[in-house]
Amino acid sequence: MAAAVGRAGSFGSSSSGLGSAAGFSSPSSAATATTNNNAELRAGGDEDDGQNLWSCILSEVSTRSRSKLPSGKNVLLLGEDGAGKTSLIGKIQGIEEYKKGRGMEYLYLNVHDEDRDDQTRCNVWILDGDLYHKGLLKFAMEASSLKDTLIMLVVDMSRPWTALDSLQKWASVVREHIDKLKIPPEEMKEMEQKLVRDFQEYIEPGEDFPASPQRRNTSLQEDKDDSVILPLGADTLTCNLGIPVVVVCTKCDAISVLEKEHDYRDEHFDFIQSHIRRFCLQYGAALIYTSVKENKNIDLVYKYIVQKLYGFPFNIPAVVVEKDAVFIPAGWDNDKKIGILHENFQTLKAEDSFEDIITKPPVRKFVHEKEIVAEDDQVFLMKQQSQLAKQPSTAAGRPVDASPRVPGGSPRTPNRSVTSNVASVTPIPTGSKKIDPNMKAGATSEGVLANFFNSLLSKKTGSPGGPGGVGGSPGGGGTGGAGSNLPPSAKKSGQKPVLTDVQAELDRISRKPEMVSPTTPTSPTEGEAS
């Protein structure tokens with residue numbers, strides 16, 4: 001366009017020159033003059049074209065320099081310890097391993113504009129969760145750079161009972177610091193009005209949303225002139241900081257854990273969301289639910305930051321359906337939309353206190369039990385063997401008989417005490433006095449002794465010899481049964497002489513170990529008697 005204008009101007013001057021030459025010269029001289037003038041005009045036109053071309057290039061460069069992405073933009077993150085502030089920025093940067101600092105951390109975000117092929121860096125400041133370090137805000141928020149700053153309040157959704165207190169605490173910290181900066185009232189008022197204007201002029205993204213910031217700005221300016229700005233609600237922007245605020249709820253993947261372990265229901269999450277959205281209305285803030293673990297809404301946080309600080313296009317609508325991926329841009333929300341959440345309340349009420357409903361669960365004391373390692377089987381058995389060896393051989397006041405038993409069923413302990421044997425012998429029927437010829441000698445003698453003791457126990461004191469007299473001792477020879485040879489004093493004095501004779505019989509048996517031969521069917525005493 002500039003070159004065409006230059007040529008048109010040259011053509012106008014040649015016309016006037018041609019008219020003056022025609023009035024004072026002959027036709028031949030006029031033709032010669034015209035030829036010379038045309039040559040001069042062509043040379044002058046080339047010079048104008050060159051100058052206009054350079055001016056066009058310089059103008060283009062100047063325009064590009066003015067449209068470059070500005071530097072010096074800041075994002076300030078505040079929140080409790082362990083809320084995930086550093087993890088969030090590290091995920092936006094694409095860094096898998098990052099180290100957490102102390103006091104005040106400094107990071108940055110690479111911002112690239114594909115339309116203008118330009119890039120810059122956005123400063124990111126992360127304040128420690130301890131209020132002791134709030135004095136370090138002077139390095140991140142200065143009076144000269146306050147208008148280029150965005151505040152991000154980070155809330156840990158794995159501990160929802162701390163959400164509201166955390167938001168109010170850190171918002172008051174920012175307010176106190178801004179007041180200390182002593183910004184001129186006119187400048188502060190202008191910043192506050194700009195924030196109100198941006199909140200009121202929010203337009204829900206549509207399909208015909210422009211693609212570049214330049215076209216967006218020109219088209220929206222016409223819409224803003226024609227649109228009617230609605231007044232703010234009663235609880236909207238009552239705490240105007242003059243700079244944009246974004247509330248980011250991290251660890252939203254813990255919502256499922258809260259449902260399982262602490263019996264949270266949908267109405268509890270709606271109750272939490274309604275209180276957080278009321279807080280956002282007071283500060284004109286946006287609300288974004290994120291999860292670094294599940295990579296949910298991380299890219300959305302970056303896009304919203306560059307839209308607020310650099311004016312990038314943003315066409316993502318609000319999302320309130322998914323309870324773990326909520327997104328509410330600044331200017332979209334109002335009291336009526338928050339009231340929709342109250343319709344889902346069954347046991348809760350909208351006016352209930354946040355601290356009364358969302359309480360901290362009782363602390364469970366985790367007892368770290370020591371790991372029990374099972375010892376080797378052989379070692380265990382050896383220990384048991386040693387313990388059994390140390391135990392006494394009697395239990396519950398009765399002797400423990402560990403001696404082998406013969407087929408007759410009686411233990412081979414000829415030196416047993418009389419008292420224990422008498423108490424432990426079970427009376428057997430008198431009809432079982434016959435000795436089995438197939439039994440061994442030991443078994444035969446034991447049977448004879450058993451019959452002898454049973455006969456003594458079954459007889460009454462003073463009665464004549466009974467069945468026990470038949471079962472004499474095998475070594476008795478021609479004498480009769482022991483029961484028939486008792487002295488008269490034993491029969492009259494009761495059981496004591498009987499026990500004395502029993503002891504004597506036992507001593508005699510122990511002194512004479514020879515047993516009756518198995519082949520002998522009956523004792524000699526019984527043979528003589530027959």
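Visitor: How many salt bridges does the count come to by this rule?

Guide: The count comes to 16 salt bridges, a salt bridge being a side-chain nitrogen of Lys or Arg within 4 Å of a carboxyl oxygen of Asp or Glu. This is a predicted model, in which local features need pLDDT of at least 70 and side-chain atom pairs count only at pLDDT 80 or more, whereas totals for chains, interfaces and linings use all residues. Residues are numbered from 1 along each chain as its sequence is written, and side-chain values use heavy atoms, with hydrogens and water left out.

Visitor: What makes the contact of K73 and D148 a salt bridge?

Guide: The side chains of K73 and D148 meet at 3.1 Å, N to O, and the rule asks for a distance within 4 Å; the pair is therefore a salt bridge. K73 belongs to the loop between α2 and β1 (74–79), and D148 to the loop between α4 (137–140) and β4 (149–156), 75 residues apart. Helices (H or I, at least four residues) and strands (E, at least two) are DSSP runs, numbered from the N terminus.

Visitor: Why is K73 called buried?

Guide: K73 has a relative accessible area of 11%. Buried means under 20%, exposed over 50%, and partly exposed in between, with a 1.4 Å probe and protein chains only. K73 therefore counts as buried.

Visitor: What makes E176 and K134 a salt bridge, and which parts does the pair tie together?

Guide: The closest N and O atoms of E176 and K134 are 3.9 Å apart, so the pair satisfies the salt-bridge rule. E176 lies in helix α5 (residues 163–180) and K134 in the loop between β3 (118–127) and α4, so parts 42 residues apart in sequence are tied together. E176, at 41% relative accessible area, is partly exposed, and K134, at 36%, is also partly exposed.

Visitor: How do you know that K251 and D156 form a salt bridge, and is each buried or partly exposed?

Guide: The side chains of K251 and D156 meet at 3.6 Å, N to O, which means that the salt-bridge rule is met. K251 lies in the loop between β5 (245–250) and α8 (255–261), and D156 in strand β4, so the pair ties together parts that are 95 residues apart in sequence. K251 is partly exposed at 31% relative accessibility, whereas D156 is buried at 5%. A network of salt bridges links D156, R159 and K251.

Visitor: Why are α5 and α9 called roughly parallel?

Guide: The axes of α5 and helix α9 (residues 266–283) come within 10 Å and cross at roughly 15°. Axes are lines fitted to C-alpha atoms, for helices over the stretch in contact, and angles run from 0 to 180 degrees between N-to-C directions. Angles under 35 degrees count as roughly parallel, over 145 as roughly antiparallel, 65 to 115 as roughly perpendicular and the rest as oblique. The two helices, α5 and α9, are therefore roughly parallel to each other.

Visitor: How do you know that W54 is exposed?

Guide: W54, found in helix α2 (residues 27–66), has a relative accessible area of 59% and is therefore exposed.

Visitor: What is notable about phi of L237, and is L237 buried or exposed?

Guide: L237 has a positive phi of about 55° although L237 is not a glycine. L237 is found in the loop between α7 (213–226) and β5, and at 9% relative accessibility L237 counts as buried.
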